Amino acid sequence: MTMALAYWCVLAAALLPYVWTTVAKQSGERYDNRDPRGWIARQTEPKVHRANAAQMNAFEAFAPFAAGAVMAHLAGVPETHVAGLAVIFVISRVLHGVVYTLGMKHSIRSLVWFLGFACAMALIVLAALHVGDPTPAAAR
């Protein structure tokens, strides 16, 4: 796995909130672009609110992940570690949105949320541990 894969994962994570907002807009009555927040508030279909919540959560999760991926790369964390954590992050975030939008068991949603959160934190921690590491990157 390479850094290119990790960077594609950053792009996927950046686009993921828009998947859930599209699901929300297609799940309720005809979408009103003149009043999007009011439209959400007026919806009676629970799937609309769950997909909207998944969208907001995806936006919240993106910043620490993207920062962690870039920090890890700049700090010289092995590419396989960065790419592996990035792939797991994106998979967990897709699962999170699916579980959330479908209204599946909340404990499953929390578990996949935590997996993504742990990946983002692991990237940041690995970056912090590698900054200033005198060991050449090739030897790590």
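A disulfide is a pair of cysteine sulfur atoms within 2.5 Å. By that cut-off, the sulfur of Cys 9 is too far for a bond, because the closest cysteine sulfur, in Cys 119, is 10 Å away. The structure described here is a predicted model.

**Cysteines**

The search of the whole structure finds zero disulfides. Seen from the other side, the sulfur of Cys 119 has its closest cysteine sulfur in Cys 9, at 10 Å, and that too is too far for a bond. Cys 9 counts as buried, with 8% relative accessibility. Cys 119 is buried as well, with a relative accessible area of 4%.

**Helix H5**

Cys 119 is one of the buried residues of H5, and the others are Val 112, Gly 116, Ala 120, Leu 123, Ala 127 and His 130. Helix H5 covers residues 106-130, which makes 25 residues. From its first C-alpha to its last, H5 reaches 36 Å, close to the 36 Å expected at 1.5 Å a residue. The cover over the buried residues of H5 includes H3 and H4. After H5 comes Gly 132, whose phi is positive, near 75°.

**Empty space: one cavity and the largest pocket**

Rolling a probe the size of a water molecule over the atoms shows where empty space is left. A search of the whole structure finds one cavity of 30 Å³ or more. The table sets the largest cavity beside the largest pocket.

| Space | Volume | Nonpolar lining residues | Polar lining residues | Charged lining residues |
|---|---|---|---|---|
| Largest cavity | about 30 Å³ | six nonpolar | no polar | one charged |
| Largest pocket | about 220 Å³ | six nonpolar | three polar | two charged |

The lining of the largest cavity consists of Ala 13, Leu 16, Ala 58, Ala 61, Phe 62, Phe 89 and Arg 93. At least two of the lining residues come from each of helix H1 (3-27), helix H3 (46-75) and helix H4 (79-102). H3 provides the largest share of this lining, three residues.

The largest pocket is lined by Thr 21, Ala 24, Lys 25, Tyr 31, Pro 36, Arg 37, Trp 39, Ile 40, Asn 52, Gln 55 and Met 56. Two or more residues of this lining come from each of H1, helix H2 (36-42) and H3. H2 gives the most, with four residues.

**Two positions in H3**

Asn 57 has its place in helix H3. With a relative accessible area of 15%, Asn 57 is buried, because buried means under 20%. Leaving aside neighbours within four places in sequence, Asn 57 is in contact with Arg 93, His 96 and Trp 113. One of these partners, Arg 93, also lines the largest cavity.

Ala 67 is found in helix H3 too. At 33% relative accessibility, Ala 67 counts as partly exposed, because that value falls between the 20% limit for buried and the 50% limit for exposed. Ala 67 and Thr 21 are 46 residues apart along the chain, and a distance of 23 Å separates their C-alpha atoms. Thr 21 is among the residues that line the largest pocket.

Notes: Residues numbered from 1 in each chain as written. Predicted model: local features only at pLDDT ≥ 70, side-chain atom pairs only at ≥ 80, totals over all residues. Heavy atoms only, no water. 1 Å grid on protein atoms, 1.4 Å probe; cavity = no way out; pocket = protein on both sides within 12 Å on 5 of 7 lines; lining within 4 Å. Points joined across faces, edges and corners; volume = space filled by probe spheres on them. Nonpolar A, V, L, I, M, F, W, Y, C, P; charged D, E, K, R; others polar. Buried < 20%, exposed > 50% of the residue type's maximum accessible area, 1.4 Å probe, protein only. Expected span 1.5 Å × (residues − 1). Contact = heavy atoms within 4.5 Å.
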